[in-house]
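Me: I should like to be taken through this structure by question and answer. Please begin with one helix and its surroundings.

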Amino acid sequence: MIIDKFNPLEDEMISVLDKEGNIIREDILPEIEDNKLIDMYKTMLLTRIADSKALQYQRQGRMLTYAPNKGQEAAQIGSVAATKKEDWLVPAFRELGAWLYKGASLEKFYLYWYGNEEGSGFSEDERILPMVVPIASQLPHAVGIGMASNIKGEKDVTLAYVGDGGTSEGEFHEALNFAGVFNTPNVFVIQNNGWAISLPRHKQTASKTLAQKAIAYGIPGIQVDGNDILAMYAVTKEAVERARDGKGPTLIEAVTYRLGAHTTSDDPTIYRKDEEVEEWALKDPITRFQKYLIDKGIWSKEEDEKLREEYSDEITKTFKKVEKIGSDTELENIFKHTYKEMTPNLEEQYESQKKYFEGGEK
C-alpha cells in the first residue's frame, strides 16, 4: 500500500520514473498492459498538439480566451487512466488530457473555448461534468455526486481536479470536510503547477505540502510527481480502489508545472524567470514517458513522428469543422442544463431573453 503508509508531513514525493524516464521504484511500478500504455501516451501527444494549436488559433483571433495545458499531461492522464468507464470526471478548466482520455471529443472541447454552449453538454453515459472556471466551485459538485453514489448504493468513484490556487478557496475546504465526514467515494487531484495565475505557491499557504491539508479533514493525503505518469497512475489506482471499497476519499497533490501562460490573457514573463521554465522543461512528462516506452520496446521515434503528423492533420480538420459550426446554439441550451428541469426562475430568464432576441422588450 502506498497511500496508507505515506506521511504528508515527512515523506518525500512519490516517483516511479526519474526525469530521464528510468525506473527508480520497482516496488510501486504499476502493472499496465502495453496497449494501455500506448493509449496513454497517444492521448498525451494528442493533448500536447491540440493544446499548441488551440493557442495558435486564439492568437489568430479564431478562438476566445484559452487556458493552456502544456506540461500537465501526465498529472491528468495518469490519474484518469486509473478509473473505470462508470466513474465520474469533474474537471476545472485545464484538464484537456483527462477530458480526451475519458472519451470526450476534441470537437466538443474546441466548441467550449469557441464560445458555443454545445461544448458543455454531455450524455448521461459519458459521466463528465462541464468545465468550470470559477475556482474550486466544482469540488462541492464532485462531493455531491459521491454522496449520491453512497445513497444509491452504486460503486462508482468521482475524480475531481483543482489547481494549487483553488486550495485557498472556501469551496475546497467545504468539499473536503463534507467528503471526510460522509466518507464519500471521491479522489481529489490538486494540479500544483506552482502558480495561481501570478501568485507563487509559497505566497498562498504556509503549508509544507498541499497534500498535508488532508490531515485536517481526517482523510489520506499524498504528494506525487505530477510529471511522472506511472506514479500518478499507481497512486490514483490505489485511491480509486479505496474509494470503491468504501474507505472514503483521498487527496493527491500532483507536483507539476505550467509551462505556458495561465490563460491567453496572461503574460507569465512579468512574474516568473525564464530559467525556472527552462528547468521544468527538462522534466517534460511526454519526453520522460516516451523514453520509457522506447526502452521497453513498445514504441519508436518513427511511430512517434508519424503519429504527430496524423494528429496535426486531424486537429486542423476538427477546428475547421468547429469554425463552420460557429458560436450559434439554441438559446434554450444556455438555461436548460443547470437542473434536470428548468426552475421557474430560469424559465423566466429564458422567456425574457427569447423575447429580447425576437425584437420585443426586455
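**Helix H6 and its surroundings**

Reply: The buried residues of H6 are Phe 172, Ala 175, Leu 176 and Ala 179, where buried means under 20% relative accessible area and exposed over 50%, with partly exposed in between (1.4 Å probe, protein chains only). They lie on the same side of H6, because they cover an arc of only 90° around the axis, the arc being that of the directions from the helix axis to the C-beta atoms. This is a predicted model, in which local features need pLDDT of at least 70 and side-chain atom pairs count only at pLDDT 80 or more, while totals for chains, interfaces and linings use all residues. Residues are numbered from 1 along each chain as its sequence is written, and side-chain values use heavy atoms, with hydrogens and water left out.

Me: Which exposed residues does the face of H6 turned away from its buried side carry?
Reply: Helices (H or I, at least four residues) and strands (E, at least two) are DSSP runs, numbered from the N terminus. H6 comprises residues 170–182. The face turned away from its buried side carries the exposed residues Glu 174 and Val 181.

Me: Which elements are included in what covers the buried residues of H6?
Reply: Contact here means heavy atoms within 4.5 Å. The cover of the buried residues of H6 includes one helix, H5 (138–152), and the strands E2 (158–163), E3 (186–192) and E7 (250–255).

Me: Through which helix does the chain cross from E2 to E3?
Reply: E2 and E3 run parallel and are joined by 6 bridges; two strands pair if DSSP finds at least two bridges between them. Thr 158 stands opposite Asn 186 in E3. The β-α-β crossover is right-handed (with the strands pointing away from the viewer, the path from the first strand over the helix to the second runs clockwise), and the chain passes from E2 to E3 through H6.

Me: Which residues of E3 point one way, and which the other way?
Reply: In a regular strand the side chains alternate between the two faces of the sheet. In E3, 7 of its 7 residues are buried. Asn 186, Phe 188, Ile 190 and Asn 192 point one way, and the other way point Val 187, Val 189 and Gln 191.

Me: What is the bridge partner of Val 187 in E7?
Reply: E3 and E7 run parallel, and 6 bridges join them. Within E7, the partner of Val 187 is Thr 250.

Me: What is the bridge partner of Gln 223 in E7?
Reply: E6 (residues 221–225) has 5 of its 5 residues buried. E6 pairs with E7 in the parallel sense over 5 bridges, and E6, helix H7 (residues 229–244) and E7 make a right-handed β-α-β unit. The partner of Gln 223 in E7 is Glu 253.

Me: Why do the buried residues of H5 line one face of the helix?
Reply: The buried residues of H5 are Gln 138, Leu 139, Ala 142, Val 143, Ile 145, Gly 146 and Ser 149. Seen down the axis of H5, they line one face because they fall within an arc of 155°.

Me: Which residues touch the most other members of the largest nonpolar core?
Reply: A nonpolar core is a set of buried Ala, Val, Leu, Ile, Met, Phe, Trp, Tyr and Cys residues joined through side-chain atoms within 4.5 Å. Helix H1 (residues 34–59) gives the most to the largest core, with 11 residues. Of the 76 residues in this core, those touching the most other members are Tyr 110 and Phe 289.

Methods: Expected span 1.5 Å × (residues − 1).
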